[in-house]
Amino acid sequence: MKDPTASLVLAAHLALLSSISFGGFPTVLPDVRSLVTANGWATDQEFANFFAISQIVPGPNMILMMSFVGLKVGGIPGAITSAFATFGPPCLMYYTSYRLWDRFRDRAWQQMVRRGLAPLTIGLVIAGGYVMARAADTSWQRALVTAVAVGLLLATRLSPLWILLAGGVLGGLGLLTPWE
Amino acid sequence: MNQTVEARRVEERVALTALFFGFLKVSLLGFGGGLVWARRIVVDQQRWLNDHEFAEILTLCQFMPGPNIVGITLCSGSKLRGPLGAVSAVAGFILIPWTVGLAFGSLCLQYAHLPILQNILGGLSSAAAGLMIATGIRLLMPQRSRQTALLFAALAFTGMVVAKLPLLVVLFGLAPVSIAIAGIASPRVR
């Protein structure tokens, strides 16, 4: 099972996928999944669990998720190579493009591009939150938690940590489960 | 527009360790969406960047492949302290949280099916979704006087949520129009 060639094959695939993962790594998750299951490195259920756990652990979720796959395939070295393959190539691209962007900072066309793109980006952030809410809010109680969280973050200087904690506690007490 | 931040940057450079620990915090607190914390720490708490600069970095990162939040970390570090700043910020974001997460996660994977854990996760994700929406609204505030900006934010939202178009289609479909209108609408373009 702990096969070094498998780790390298996985790392090479991840490096390729992370380089084309426009819109974030979740967009290439289906490809990773078919690679992993086709090679028998993990079952569908295991893959789903990797996803769930990487979402609750704080920190770099997708890097961590790929590291769980790497861990399964090649132990600790597999986890480390997977991590690097996931964030290495995009980091080089971020760095190069940011330097280029910065160099042309004062040009008129760049100000135009900036003014044009910023609203789109922000719309996408709100859409991302909305899509998350649609997936998470399986009961009206949960939808209420989402709405209250929006209000609290906008209207108060309360730390988001307390808001998250409150959501977790209410859920843990069983107050947010749908009533039958 | 950026003069206050620019002036402050000249008199006191942000320490590399501050970047490391700042983004370590972003990473550790970033349940279900690091963006919420990145904006809070970088803009509200440390005042390293203002909302405009943060939105600009976010925009650039959304047009690049890879984990956007790592891109935001890298670009913020690079903007404040150059290449070393970029490395410090990314190291802060990844190193410790990755190690802890891998250990803790491997343990958790054995208990992933317990109902109470599922309930807690459910409540957390509902709250996290709300925080994400609120962060987007906060970022929109500096743009609120521009009607075209509000229109294109709404169009991007609709494209994703109502029309359920793929992200790439929304981005590359709306971008040329939005840029063109921004060019026509701003009289000060030289």
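**Note on the core and the contact between chains A and B**

1. In this predicted model, the largest nonpolar core holds 102 residues, and those with the most contacts inside it are B:Leu131, B:Met132 and B:Ala156. Such a core is a set of buried Ala, Val, Leu, Ile, Met, Phe, Trp, Tyr and Cys residues joined through C-beta atoms within 7 Å, where buried requires 20 or more other C-beta atoms within 10 Å of a residue's own. H4(A) gives the most to this core, with 16 residues.

2. Local features need pLDDT of at least 70, and side-chain atom pairs count only at pLDDT 80 or more, while totals for chains, interfaces and linings use all residues. Residues are numbered from 1 along each chain as its sequence is written, and chains are lettered from A in the order in which they are written.

3. Apart from its neighbours within four places in sequence, B:Ala156 is in contact (C-beta atoms, placed from the backbone, within 7 Å) with A:Leu120, A:Gly123, A:Leu124 and A:Ala127, as well as with B:Val170 and B:Leu174.

4. The contact between the chains takes 84 residues from chain A and 87 residues from chain B. H5(A) gives the most to the side of chain A that touches chain B, with 25 residues.

5. The axes of H4(A) and helix H5 of chain B, residues 68–108, come within 11 Å and cross at roughly 170 degrees, the axes being lines fitted to C-alpha atoms over the stretch in contact, with angles from 0 to 180 degrees between N-to-C directions. H4(A) is therefore roughly antiparallel to H5(B), a term for angles over 145 degrees.

Notes:
Two residues are in contact if their C-beta atoms, placed from the backbone, lie within 7 Å. Helices (H or I, at least four residues) and strands (E, at least two) are DSSP runs, numbered from the N terminus. Angles under 35 degrees count as roughly parallel, over 145 as roughly antiparallel, 65 to 115 as roughly perpendicular and the rest as oblique. A residue is buried if 20 or more other C-beta atoms lie within 10 Å of its own, exposed if 12 or fewer, and partly exposed in between; C-beta atoms are placed from the backbone.
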